[in-house]
Amino acid sequence: MGVASPGFTSLNGWYFMVNESVFIILIAVGMTVVLIVGGIDLSVGSGMAVAAALSGQLLLDGVPMALVFVIVLLVGVAVGLVNGLLITYVGIPDFIATLAMLTALRGVLLIWTQGNPVLGYVTHAYGVIGGSTKIAPYLTVPMLLTLAVAIAGSVLLRYTVLGRHIHAVGGDGDAAVLMGVRAKRVKIACYVISGVLAALSGILLAGYLSQVSPGTTASGYELMAVAAAVLGGASLSGGRGSVFGACLGAIALTVITNLLSWWNVNPNWSDVLVGVLILLAALLQRAGVIVATRGGQTKRPRLADPQPVTRAPQSV
Amino acid sequence: MSDQTHDSGNGSEREAVPGMPDGNTRRGFLRRSAGVVAATAGATSVAGALGGVAGSALAATGDSVFPGNAAWDAAVAKYAAGNTLKIGWTPTQGEDFFTAIEHGAFAQLTEYAELFGLKYTWDTFIPTGFSAVENQISTVQAWVQKGLNAIMICTAADYATTQSVFKAAQAKGTNIYEVNMFAELYPTGSINCVSAIGYDNNTQAGYLAGEYLKKTLNNKGRIYLVWGSAGNWATSRLAGLKASLKGSGIEIVGFQRGNYVEDQGLAAALSLLRHDSNVNGIYAENSEMGVGVSLAVKQLGLKPWNGTSGIVTITSNGKLSDYQNIQNGTLTAVVNCNPVEQGRQSIIAMLYHQILGYTPAAVINVPTKVIDKTNYTEPLAYYKWAYTYPLTGGN
Amino acid sequence: MTRLERALRAHEGPVVVAWVVLIIVFTVGSSHFLTISNIDQVLVQSLFVVFVAIGMTFVLTVGGIDLSVGSVIGLGGAITGLLLIHGVPAWLAVLGGLAAGGFTGLANGLLITRLGLADFIVTLATLSVVQGIVEVMTANAPINYPPHALSTLTSGHIGSVSTAVVYAVLIVIVMTGVYRFTPFGRAVVAVGMNPRAARLAGIGVETTRVRAYVVSGVLAGLAGVFLASYLSTVQALQGSGYELTAIAAAVIGGTSLRGGRGSVWGAALGALLLSTLQNGLVLLGLNGYWFDLVTGGVIALAVGLGGGLQGIRWIGREKVARPYQDGSPA
C-alpha cells in the first residue's frame with residue numbers, strides 16, 4: 001500500500017489526533033464556560049446530533065449552505081436559551097435541566113427521523129468544512145475554527161466584563177448578585193455559548209462523518225466534554241476552569257483511545273486501560289497544578305482539600 | 001376481493017405510491033412475487049414454509065406462500081374476522097435497520113389488510129441505550145398486562161434472560177416473535193417463542209463475509225476487524241468469520257472495537273491504518289462502523305478496492321447507506337441481513353399462527369447475501385419499496 | 001403556614017405531587033394501570049435504580065458524584081454469578097458481589113480524598129476500568145446464573161407482592177434510618193453542607209466522604225445482584241447508563257447536587273416516578289419514538305415544580321432577596 005507508516009507522535013500522527021479532537025474541544029470550551037459559572041451542560045451530545053442532522057437535512061432540501069449554518073447556529077442559541085431559562089427562572093438544577101434537554105433533544109431527533117440516518121448530503125465543500133479533506137498540509141477548516149474559538153473563549157474569560165462576571169457568579173453567586181452582577185443573565189449567556197458551540201461542533205461533525213445516525217451520533221460526548229474540561233483544570237463546583245486546559249484535556253482523551261488502537265491492544269482490556277490512563281492524566285494535571293501554585297500561594301494546597309464551602313440548604 | 005387482483009401482475013387498479021421511483025404499485029409488487037412463487041412452489045409451499053429446512057428455503061424466496069385464489073382469501077378472511085392482531089414491537093434502539101424491519105412488517109400487514117380484511121394495532125417501544133434490556137423486558141410485561149397478543153422483540157438481552165419472561169407472556173396468551181436475534185447460539189428446543197425470525201449471524205453473516213474476502217482477495221492477504229460492542233451478535237459473527245478464514249491465506253492482523261458507531265469506527269480504523277496501512281481488507285461489523293472505515297481509507301489517501309487492487313471494505317447489515325456507499329465506490333461489499341424480509345416474515349408467521357392456527361418453524365431464517373457493485377440494485381429496490389409503507393398505529 | 005403548604009414545600013414535595021399526577025393520568029388513561037400485578041411489576045422494575053439512587057444520595061449529599069455505579073452493577077452481578085457457579089452458598093456469593101461494589105467505592109473514595117483528584121474524573125475512570133473488568137470476565141460468554149440460584153430475590157412472591165419489593169422497602173427504610181438518625185448520616189450532611197465547619201466540629205471529613213462512596217458502591221453492587229438475578233445472567237454492558245438515571249432520580253427526589261441536602265426515600269420515589277412513567281406510556285400506547293421527549297419533559301416538569309413549590313411562600317409576602325437558584329454555588 002502506498003502510505004508509509006508514520007510514528008504515533010509524528011507530525012502526521014498529531015495532525016490526525018488533533019483533527020479528531022476538535023469536535024470534543026469545541027464543546028469542551030463551551031463546557032468550561034458553563035462549569036466556571038457553576039453549571040453543567042449535559043445537553044451538548046444531543047445538541048450536536050440535532051445540529052448535525054438538521055444541517056444534513058436542510059442541505060438535502062436545497063437550502064444554501066451559508067443559510068443552513070446560520071439556521072443551525074440559531075437553533076443552538078435557542079437550545080442554550082431554553083437551558084438557561086429553565087435553570088435561572090424556573091429553578092431546575094443545571095444537571096437535571098440539561099439532562100432533560102439531552103433526553104428530549106434525542107427524542108425530537110428520533111421522532112423526526114424515525115431512526116433513519118440523514119445521509120447523502122455531503123459535497124466536496126462540506127467535506128472540507130468538516131475536516132475530512134485538508135486545506136493545507138496538516139491543516140483543516142475545523143482546526144482553524146477551533147483555534148479561533150479557543151482564543152475567543154480565552155479572551156472572553158480573561159479580558160472582558162462578561163468573563164469577570166462569569167468568574168464572579170461561579171465563585172460566589174450571592175456575592176456577585178450583591179455586587180450588582182446580573183447573575184441570571186450571565187448564566188443564561190454561558191448556556192447560550194455552550195449551545196452555539198455544540199451546534200457548531202455538530203455542523204462540522206456532519207461534514208466529517210458524512211452521515212448522521214439519530215440514535216447514536218455524538219451520544220456520550222457530553223461526558224467526554226466534562227472530562228476534558230475537568231482534566232483541563234475546571235471544577236464542578238464552579239469558579240475555576242481554563243479554555244486552554246480543556247483543549248489539552250480533549251486532546252489527551254483522544255490520544256488515550258488512539259494509543260490503544262495503535263498498539264492493537266486486546267479490546268477486552270482497552271476499557272481498563274482507558275480508565276487507568278485517565279487517572280494518570282488527572283494525576284499529572286494535579287501534580288502540575290501543585291507545582292504551579294506552590295510558589296505563588298501562601299497557602300499550600302492540601303492534597304485532600306475538600307470542595308469549597310457550599311451554601312447551607314435552603315431552610316424550610 | 002376480485003380475481004383480477006390475483007391474476008394481474010401489474011395491479012394497475014391500485015393507486016400509485018407516492019415517492020416510489022419506478023412507479024410500481026404496492027399491490028402489484030406483492031401479487032407478482034406471490035404469483036411467481038406459487039407457480040414454482042405449488043401445493044407443497046404452505047406446509048413447506050412452516051416445516052423446517054424446506055421451509056427456510058421457501059421463506060427465503062419471498063413472502064408468498066399463498067395458493068392465491070379468491071376462495072382461499074375468503075376462507076382466511078373468515079378466520080381473520082373479529083380477530084385483531086395487537087402487535088408490540090421493541091427493537092434494541094432507534095436505528096434504521098430496525099425501521100426497515102418495521103416497514104417490512106407494515107408492507108405485509110397492508111397486504112393482509114387488503115386481502116383478508118385483517119385488523120391490527122401497532123405499539124412500539126424503543127429503549128434508550130443499547131443495553132437497556134431490562135426496560136424492554138418490563139415493556140413486554142406491560143404489554144402482556146395490556147393484552148397485546150403478538151410481540152416482536154429484538155433485544156441484546158441474553159437468551160437466559162428472556163426465556164422466563166417469554167414463557168410467562170406466552171402462558172398469558174401473548175405470543176412472542178423474536179426478530180433479528182442470535183438464535184444460532186442456543187438449542188432450538190430451548191426457545192420459548194412462536195418463532196425466531198432472523199438470520200444466522202455465524203453462517204449467514206460472519207462466514208459469508210469471510211468467503212467473500214477469500215474470493216475477492218484470491219485467498220491471501222491481511223485484514224483488520226473493526227468490531228461492535230461485546231455481545232452475542234459480535235461473538236457469533238466473529239466465530240463465523242474465523243471459521244471461514246481458518247486454514248486460508250487470510251490473516252487477521254488487527255482487531256479493535258468501534259462500538260457500532262461511525263466516529264469510533266473511524267477512530268479505530270485511522271489508528272490501525274496509520275500504524276500499518278499494509279492491509280488488504282477491513283471488515284466493519286455494522287454499517288455505521290463501515291462508514292467510519294471507508295472514511296478512514298479516504299482520509300489517509302489509501303485506495304479503496306477497485307476490482308483488482310486496493311483495500312476491500314466489507315460490513316454487515318444491508319441498509320440504505322451501505323447500498324449508496326457501494327454505489328459511489330467507498331464501500332466494497334455488505335452482507336445483506338435482509339431487515340425488510342425479517343419484518344415481512346414475522347407478520348407471515350403471525351398470520352399463520354394466530355389467525356390460522358399453524359405451528360411455524362421455531363427458527364425462520366431469511367436469505368442473506370453478500371452485496372457488492374455487481375448486484376446492489378435488487379436489494380436497494382426492495383428496501384426502498386418497503387419504505388413506501390408508512391408506519392402507523394394500526395388500521 | 002398550613003401543614004399542606006409545609007408538606008408541599010418539603011424537598012420531597014414535588015416528586016410526590018408529580019408521581020400522584022402521573023398515577024391519576026395513567027389510571028384514567030388505561031384500565032390496565034391500577035392493577036395489583038401491574039403495580040407490583042412497576043415496583044420490581046424500579047428497584048434497581050432505587051438501590052443505586054439511594055447510594056447516589058449519600059455521595060451527592062457529601063458533595064461528590066459517583067459515575068462508576070453503571071459498571072459496578074455489572075461487576076456485582078458478575079462476581080456473585082461466578083461464586084454461585086463455583087458452588088459458593090448463595091448468601092456468601094451475594095456478600096461477594098456487595099464486597100466487590102464496596103471495594104470499588106473504597107477505591108473511588110481513597111483516590112478522591114488521598115490524591116485530591118476530582119470526583120467526576122476519578123469515578124469516570126473507575127467506570128471505565130470496572131467496565132473493562134466485566135468485559136474481560138464475560139469476554140467468551142455471558143455469566144449465566146445457575147437455575148433457581150437466588151430466584152427468591154426477584155421471582156418469589158409473598159401473596160401477590162414480589163419478594164423483591166419487600167427487600168426494596170426494607171432497604172429504603174434502613175437507609176433512611178442510616179441517613180437521618182445515625183452519626184454517619186449526620187456527618188454526611190454536615191460535610192456536604194460545610195466541610196470546614198464539619199472538620200472544626202470534629203467530623204472526619206475524608207473518612208466520611210470515603211464511607212459515602214463505599215455505601216454507593218455496595219448499593220450499586222446490590223442493584224447488580226438483583227438485576228443479574230432478575231435477568232438470570234450478566235453481560236458485558238449490563239447496567240451501563242444507570243449513573244445518569246440514578247442521579248436524575250436522586251435529584252428529582254429532592255437531593256441537591258451541591259451537597260448538604262438529600263432524601264433517601266425521595267430518591268427511591270424519584271426512581272419509582274421514572275419507572276411509573278415508562279410503564280404508563282407503554283400502556284397508553286404512546287409511539288415509541290416519543291418516549292425520550294416525554295421523559296425529558298416530565299423530568300423537567302417534576303423538578304421545575306419543585307422550584308414552583310419552593311416559591312409558594314413568596315406569593316403575597318414581602319419580597320425577600322430570594323437566594324440564587326439551586327444550581328448556583330454559594
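Two strands are counted as paired if DSSP finds at least two bridges between them. In this predicted model, strand β3 (residues 150-153) and strand β4 (residues 175-179) of chain B pair in the parallel sense over four bridges, and within β4(B) it is Glu178(B) that serves as the bridge partner of Ile153(B).

**The sheet of chain B**

The two strands belong to an open sheet of six strands in chain B, which follow one another in the order β2-β1-β3-β4-β5-β11 with parallel pairing. Because β2 (119-124) and β11 (363-365) of chain B stand at the edges and have a single partner strand each, one side of each is left without a neighbour in the sheet. Direction ignored, neighbouring strands of this sheet are turned by 20° against each other on average. Helix α14 (residues 339-355) of chain B packs on the sheet, where it touches β1 (84-90), β3, β4, β5 (195-198) and β11 of chain B, and the direction of this helix makes about 160° with that of β4(B).

**The contacts of chain C**

Chain C has 61 residues in contact with 64 residues of chain A. On the side of chain C that touches chain A, the elements giving two or more residues are α5 (90-115), α6 (119-137), α10 (195-200), α11 (205-231), α12 (242-252) and α14 (291-310) of chain C, and the largest share, 13 residues, comes from α6(C). By class, this side divides into 32 nonpolar, 20 polar and nine charged residues.

The contact between chain C and chain B takes 33 residues from chain C and 29 residues from chain B. Here the elements of chain C that give two or more residues are α3 (36-61), α11, α13 (264-284) and α14; α3(C) gives the most, with five residues. The side of chain C that touches chain B has 12 nonpolar, 19 polar and two charged residues.

**Positive phi in chain A**

Two residues of chain A that are not glycine have a positive phi, as the table sets out.

| Residue | Phi | Loop in chain A |
|---|---|---|
| Ala218(A) | about 65° | between β2 (211-212) and α10 (221-231) |
| Asn264(A) | near 50° | between α11 (243-262) and α12 (267-296) |

Is each of these residues buried or partly exposed? Ala218(A) is buried, because 32 other C-beta atoms lie within 10 Å and the cut-off for a buried residue is 20 or more. Asn264(A), with 18 C-beta neighbours inside 10 Å, counts as partly exposed.

Terms used. Residues are numbered from 1 along each chain as its sequence is written. Chains are lettered from A and ligands numbered from 1 in the order in which they are written. This is a predicted model: local features need pLDDT of at least 70, side-chain atom pairs count only at pLDDT 80 or more; totals for chains, interfaces and linings use all residues. Two residues are in contact if their C-beta atoms, placed from the backbone, lie within 7 Å. Ala, Val, Leu, Ile, Met, Phe, Trp, Tyr, Cys and Pro count as nonpolar, Asp, Glu, Lys and Arg as charged, and the others, Gly among them, as polar. Axes are lines fitted to C-alpha atoms, for helices over the stretch in contact, and angles run from 0 to 180 degrees between N-to-C directions. A residue is buried if 20 or more other C-beta atoms lie within 10 Å of its own, exposed if 12 or fewer, and partly exposed in between; C-beta atoms are placed from the backbone.
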